[in-house]
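Welcome to this short tour. Please keep your viewer open and follow along, one selection at a time.

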Amino acid sequence: MLAVLFFFQTSFAATKLELKNLDQQHLIQTSALKSAVEFFNEHTDEIKNKNYLSVIDYSKDSQEKRFFIIDLKNGEVESMQVAHGKGSDPKHTGRAKIFSNTAKTKATSLGFFLTGGTYQGDHGLSLRLNGKSKTNSNAYDRAIVIHGAAYVNEKLKLIGRSWGCPAVAEDKIKNLVSKLKDGSLIYAYF
């Protein structure tokens, strides 16, 4: 049985997330998870959706499940494939190597993001991302969003690339957006 993940010092104290009860399956690199938890605890007032914490490990091949969504109520981790940008993998090897915060690079950005609201765009249901790090501060202006894409599919030998967005399989987007919208923390690292 998983332990409760939050504790309250007093009824007026800030909510603290405890690292020791997260990722019982050890799917996420410990140092990355630690960084995400530290950011969460330092910026808890900014994080409106405290139900989920997500980590994207761009050091893994795109064929691997590298988008990890931690349910903070029960500690369970869901993982799925996620695309990286064309500019991050110009030779389309499945491995991201270049990251950028600059417009028109079509590259993935790293750092901490807070999710925003949803909208219907060229790729259907999409979730806005607000960069909270120097390495992704232009995410909103670059229209870096989470969206569904037919080119993200476990049946493909090599999944496709986005224009910098963390795109997921079309059959995953609705559930993912419903969990992460409106202020959830996502940490993307390499």
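Does L156 count as buried, partly exposed or exposed, and at what relative accessibility? Select L156 to begin. This is a predicted model, and in it L156 has a relative accessibility of 34%, so it counts as partly exposed; the buried class would need a value under 20%. You will find L156 in the loop between β8 (145-149) and β9. Now show what surrounds this leucine: apart from neighbours within four places in sequence, L156 is in contact with Q63, A150 and Y151. Add Q63 to the selection, and you bring together two positions 93 residues apart along the chain, with their C-alpha atoms separated by 8.5 Å.

**Zoom out to the whole chain**

Switch to a cartoon view. The protein chain has 2 helices and 10 strands. Following the cartoon from the N terminus, you pass β-β-α-β-β-β-β-β-β-β-α-β. The radius of gyration is 16 Å, close to the 16 Å that the globule rule gives for 190 residues, so the chain is as compact as a globular protein of that length. Along the principal axes, the C-alpha atoms fill a box of roughly 50 × 35 × 30 Å.

Colour by accessibility next: 50% of the 190 residues count as buried. With the surface turned on, about 9,700 Å² is exposed, and carbon and sulfur atoms supply 51% of that area. If you colour by charge instead, look for 26 positive and 19 negative side chains; the centres of these two sets lie 5 Å apart. As for contacts with a separation of 6 or more, 53% of them are made by residues 24 or more positions apart.

**Walk across the sheet**

Hide the side chains and turn to the strands. In what order do the 8 strands of the open sheet run? Step across them as β5-β4-β3-β10-β6-β7-β8-β9, a sheet with mixed pairing. Stop at the two edges, β5 (77-80) and β9 (168-169): each has a single partner strand, so one side of each is left without a neighbour in the sheet. In general, strands of a sheet pair through backbone hydrogen bonds, either parallel or antiparallel.

Now select β6 (residues 111-121) together with β7 (residues 124-131). These strands run antiparallel and are joined by 7 bridges. They form a hairpin, with 2 residues between them. Next, add β10 (residues 185-189), which pairs with β6 in the antiparallel sense over 4 bridges.

Which residues stand opposite L114? Show L114 as sticks and look to both partner strands: N130 stands opposite it in β7, and L185 stands opposite it in β10.

**Two loop residues with positive phi**

For the last stops, keep in mind that most residues other than glycine have a negative phi. Select A143, in the loop between β7 and β8. A143 has a positive phi of about 60° although it is not a glycine. Its relative accessibility is 43%, so A143 counts as partly exposed.

Then move on to D182, in the loop between α2 (173-180) and β10. Here, too, the residue is not a glycine, yet D182 has a positive phi of about 65°. At 46% relative accessibility, D182 counts as partly exposed.

Note on methods
Residues are numbered from 1 along each chain as its sequence is written. This is a predicted model: local features need pLDDT of at least 70, side-chain atom pairs count only at pLDDT 80 or more; totals for chains, interfaces and linings use all residues. Side-chain values use heavy atoms; hydrogens and water are left out. The radius of gyration is taken over C-alpha atoms; the globule rule is 2.2 Å times the number of residues to the power 0.38. Buried means under 20% relative accessible area, exposed over 50%, partly exposed in between (1.4 Å probe, protein chains only). Contact means heavy atoms within 4.5 Å. Accessible areas come from the Shrake-Rupley method with a 1.4 Å probe; for residues, only the protein chains shown count as cover. Lys and Arg count as positive and Asp and Glu as negative; His and the chain ends are not counted. The place of a charge is taken as NZ of Lys, CZ of Arg, CG of Asp or CD of Glu. Two strands pair if DSSP finds at least two bridges between them.
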